[in-house]
Amino acid sequence: MAKNKNAGHKGSYGYQKLKEREPRACIRFKCALTNTILDILRRRPGWVEVKEEGEWDFYWCDVSWLRENFDHTYMDEHVRICHFRNHYELTRKNYIVKNLKRFRKQIEREAGKLEATKCDFFPKTFEMPSEYHLFVEEFRKNPGITWIMKPVARSQGRGIFLFRKLKDVIDWRKDGIRSDDQKDETQVENYVAQCYIENPYLIGGRKFDLRVYVLVMSVSAECHFLSHDPYLLLMPDVHLTNVAVQKTAPDYDPEKGCKWMIQRFRQYMTAKHGAEVVETLFAEMDNIFIKSLQSVQKVIISDKHCFELYGYDILIDQDLKPWLLEVNASPSLTASSQEDYELKCRLLKDTLHIVDMEGRLTGKEKRIGGFDLMWNDGPVSRAEGNVDMPVNESFMANTHLGTSLRRRWQDIPRKVLNCLDITKSAKHTFPSDRV
């Protein structure tokens with residue numbers, strides 16, 4: 001149960017240690033959202049919704065609750081919430097840049113420049129206004145290229161603009177400079193200036209990005225699951241990939257923008273470029289997930305009560321190089337269609353299977369539903385029976401991103417299926433009136 005008291009002892013745990021707790025027949029839950037996740041929680045057998053100030057075992061909270069209440073809430077051993085306290089180290093645009101730059105320097109010192117290049121998946125970025133002079137120096141080295149300005153703490157494309165001339169940001173910078181007698185006034189919002197990827201890979205003339213979900217069960221022990229049921233978002237506007245921005249356009253046509261399942265995208269790319277090239281592309285995406293999470297391992301506060309479902313946005317250029325655009329701590333769980341609703345239902349069901357409030361898993365599972373265990377204090381091998389094995393030339397990571405591997409009920413342990421009875425659940429109607 002969770003109560004508003006002084007916070008108790010908080011330690012770290014890995015995937016196996018998580019499974020040492022006793023099974024529970026009844027799970028009391030709270031949910032701050034009114035979209036797909038609430039549907040899934042309400043339909044989960046043995047789970048009971050708690051209203052108002054009732055005691056709870058599981059809370060799908062929003063980040064505002066986390067900021068205001070986490071340090072004042074006592075949590076029993078089994079209690080779980082859906083965010084790490086300072087998850088923003090990975091999701092705020094200025095923090096992720098800082099952490100990746102620091103991590104790259106560390107790798108270069110310890111393993112050399114070649115190994116450090118594996119961190120070069122984030123476009124050149126400067127925090128504004130604090131790094132304005134460094135930005136100007138870089139801008140003048142490469143005149144004529146396009147840059148994109150993004151507010152560090154906003155989402156859904158709000159506040160973003162493109163520019164090619166330095167004068168386009170002069171006024172913005174002036175607004176960011178305050179005299180000593182203005183220091184007590186509201187501070188100007190921080191932005192990042194990022195080199196714009198001008199040669200995106202297009203499908204049918206359309207720009208796209210990939211949304212991939214990564215479930216982090218432990219930061220200190222580095223236990224990460226990668227969903228192989230992500231999707232590709234094809235957009236009708238060649239300059240924008242954010243659907244929230246697209247919808248504001250006067251000529252927006254929802255029929256022209258669409259989502260592909262990642263399997264369809266992989267099949268398309270394999271037909272055009274060959275299996276070996278595409279295997280390398282997807283391996284480089286795996287590298288993005290691992291390196292980005294390693295970059296925050298020492299700064300994110302690991303807590304045994306916390307897990308996080310991150311949404312990664314990946315863009316691919318014409319050279320088939322994947323770029324990390326951003327990471328979302330609260331990826332949208334509101335469905336835009338029946339197909340999208342079913343996709344997110346599968347994602348959230350599998351997330352709850354892995355969080356395993358019921359205590360039914362053994363901790364040795366390498367694949368649960370649509371998730372693969374890709375890191376568990378080290379890379380996880382795809383080879384049967386070997387959760388961890390030395391990395392060598394024959395090593396194949398336990399990820400099936402975009403493969404033809406389909407979700408099978410046997411991917412979820414039979415013990416879980418018997419208790420949840422999810423194979424008999426009826427098809428649910430898409431709640432189009434939800435927000």
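**Warm-up.** Is K124 buried, partly exposed or exposed, and at what relative accessibility? K124 counts as partly exposed, at 45% relative accessibility. Here buried means under 20% relative accessible area, exposed means over 50% and partly exposed lies in between (1.4 Å probe, protein chains only).

Before going on, a word on the model. It is predicted, so local features need pLDDT of at least 70 and side-chain atom pairs count only at pLDDT 80 or more, while totals for chains, interfaces and linings use all residues. Residues are numbered from 1 along each chain as its sequence is written, and side-chain values use heavy atoms, with hydrogens and water left out.

**Exercise 1. Find the salt-bridge partner of K124 and place both residues.**

- Step 1: use the criterion, a side-chain nitrogen of Lys or Arg within 4 Å of a carboxyl oxygen of Asp or Glu.
- Step 2: K124 meets E138, with 3.5 Å between the closest N and O atoms.
- Step 3: K124 sits in the loop between α6 (113–116) and β7 (125–128), and E138 in helix α7 (residues 132–141), so the pair ties together parts 14 residues apart in sequence. Helices (H or I, at least four residues) and strands (E, at least two) are DSSP runs, numbered from the N terminus.
- Step 4: E138 is buried, with a relative accessible area of 13%.

**Exercise 2. Set this pair beside other salt bridges.**

- Step 1: the search of the whole structure gives 20 salt bridges.
- Step 2: one of them joins E49 and R42 at 2.8 Å, N to O. E49 is partly exposed at 26% relative accessibility, and R42 is partly exposed at 43%.
- Step 3: another joins D168 and K167, with the closest N and O atoms 3.7 Å apart. D168 is partly exposed at 36%, whereas K167 is exposed at 56%.
- Step 4: R28, E55 and D57 are linked in a network of salt bridges.

**Exercise 3. Describe the surroundings of K30, a lysine without a salt bridge.**

- Step 1: locate K30 in strand β2 (residues 27–31).
- Step 2: K30 is buried, and the nearest side chain of opposite charge, E53, is 5.3 Å away. For charge, Lys and Arg count as positive and Asp and Glu as negative; His and the chain ends are not counted.
- Step 3: list contacts (heavy atoms within 4.5 Å). Leaving aside neighbours within four places in sequence, K30 touches V50, E52, G54, W56, F58, Y59 and W60.

**Exercise 4. Trace the nonpolar cores.**

- Step 1: a nonpolar core is a set of buried Ala, Val, Leu, Ile, Met, Phe, Trp, Tyr and Cys residues joined through side-chain atoms within 4.5 Å.
- Step 2: the largest core has 84 residues, of which F58, W60, I81, F265, F289, Y310 and Y312 touch the most other members.
- Step 3: a second, separate core of 13 residues includes M128, V136, F163 and L166.
- Step 4: return to F289, whose contacts beyond four places in sequence are V212, V214, L226, Y312, I314, M374 and L401.

**Exercise 5. Check helix α12 against its expected span.**

- Step 1: the expected span is 1.5 Å times one less than the number of residues.
- Step 2: for the 18 residues of α12 (residues 338–355) this gives 26 Å, and the end C-alpha atoms are 26 Å apart, which agrees.
- Step 3: 13 of the 18 residues are buried, so α12 is largely enclosed by the rest of the structure.
- Step 4: just after α12, D356 takes a positive phi of about 55°.
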